[in-house]
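Open the model in your viewer and keep the sequence panel visible. This tour goes stop by stop, with something to select at each one.

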Amino acid sequence: MKNRTAALIAAPVLAATMLVSAPGAVAATSADTKPVGPVAQLIADGTITPQQLVAARVAIAKEAEAARDAKRTAVLTPLVTAGTITQADLDAIVQANGRVGLRQLIARRAITHPQAAAVRAALRGREVIDRAAVIDAAMADLVSAGTLTSSQSAALDAALTARRAAHSG
């Protein structure tokens, strides 16, 4: 868990740093500046601070991890009920980040190859989370904690939506 938490904190900090300097979707341009993405524009306009962006990225990453863990647990619980894997196996799989950690669990002989195959089949296509719901939950937590105001949260949510739309096609 410590490694997952460290990765959750380090990755968003790096991503936030890259977002501020990455062009992405064009939100504003001028003769004196490069195109700025919608999230970076919020910082440039003073709507949010870089620290608030980092806090938002960390909160979103934590919410996404929790959503994925809940999804994996829900998908794999029938395998526990059927006796294919134990509850301890399910917990280990969720802790190991689902399919990503299956090889490690097999190598440690925590689960067998047939169990891993059953887990892969159960998870296939079912680990997708509702990204908008994750962001909404993270924003609500940040507003409740006083890290963001509701108007900052709405602006950041809109900027993230615009950024996703620009990158998805």
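Colour the chain by secondary structure. From the start of the sequence to its end, the pattern reads α-β-β-α-α-α-α-α-α-α. That makes 8 helices and 2 strands. Keep in mind that this is a predicted model.

**The whole chain**

Show the surface. The accessible surface comes to about 9,400 Å². Carbon and sulfur atoms account for 59% of that surface. Of the 169 residues in the chain, 36% are buried. Now consider the contacts between residues at least 6 apart in sequence: 60% of them join residues at least 24 apart.

**Helix α7**

Select residues 131-145, which form α7. Put a distance label between its end C-alpha atoms: they are 21 Å apart. The expected span for 15 residues at 1.5 Å a residue is also 21 Å, so the two values agree.

Which residues of α7 are buried? Show the side chains of Val134, Ile135, Ala138, Met139 and Leu142. Look down the axis of α7: the buried residues fall within an arc of 130°, so they line one face of the helix. The general rule behind such a view is that an α-helix has 3.6 residues a turn, so residues three or four places apart point the same way. What does the buried set of α7 pack against? Its partners are α3 and α8.

Next, visit the two ends of α7. At the N-terminal end, select Asp130, which caps the helix. A side-chain oxygen of Asp130 lies 3.3 Å from the backbone nitrogen of Ala132. Just after α7, click on Gly146, where phi is positive, at about 80°.

**The cores**

Stay with the nonpolar side chains. The largest nonpolar core has 19 residues. Ile48, Ile60, Met139 and Leu156 touch the most other members of this core. Helices α2 (38-44), α3, α7 and α8 each supply at least two of its residues.

Centre on Ile60. Leaving aside residues up to four places away in sequence, Ile60 touches Arg131, Val134, Ile135, Ala138, Met139 and Leu160.

Another core lies apart from the largest one. This other core has 16 residues, including Leu102, Leu105, Ile106 and Ala122.

**A pair of glutamines**

Select Gln52 and Gln152 together. Gln52 sits in α3, residues 50-82, and Gln152 sits in α8, residues 150-168. Are these side chains in buried or exposed residues? The cut-off for buried is under 20% relative accessible area. Gln152 has 13% relative accessibility, so Gln152 counts as buried. Gln52 is buried too, with a relative accessible area of 13%.

Zoom in on the side chains. A polar contact of 3.3 Å joins Gln52 and Gln152. Then show the neighbours, again leaving out residues up to four places away in sequence. Gln152 touches Thr47, Ile48, Gln52 and Thr147. Gln52 touches Thr47, Thr147, Leu148 and Gln152.

**Last stop: Arg109**

Move to the loop between α5 (102-107) and α6 (113-123), and pick Arg109. What is the sign of phi at Arg109? Phi is positive there, about 60°, although Arg109 is not a glycine. For background, most residues other than glycine have a negative phi. Arg109 has 76% relative accessibility, so Arg109 counts as exposed.

Notes
Residues are numbered from 1 along each chain as its sequence is written. This is a predicted model: local features need pLDDT of at least 70, side-chain atom pairs count only at pLDDT 80 or more; totals for chains, interfaces and linings use all residues. Side-chain values use heavy atoms; hydrogens and water are left out. Helices (H or I, at least four residues) and strands (E, at least two) are DSSP runs, numbered from the N terminus. Buried means under 20% relative accessible area, exposed over 50%, partly exposed in between (1.4 Å probe, protein chains only). A polar contact is a pair of N or O atoms within 3.5 Å; within protein, one must be able to donate a hydrogen and the other to accept it, and residues adjacent in sequence count only if both atoms are side-chain atoms. Contact means heavy atoms within 4.5 Å. A nonpolar core is a set of buried Ala, Val, Leu, Ile, Met, Phe, Trp, Tyr and Cys residues joined through side-chain atoms within 4.5 Å. Accessible areas come from the Shrake-Rupley method with a 1.4 Å probe; for residues, only the protein chains shown count as cover. The expected span of a helix is 1.5 Å times one less than its number of residues. The arc is that of the directions from the helix axis to the C-beta atoms.
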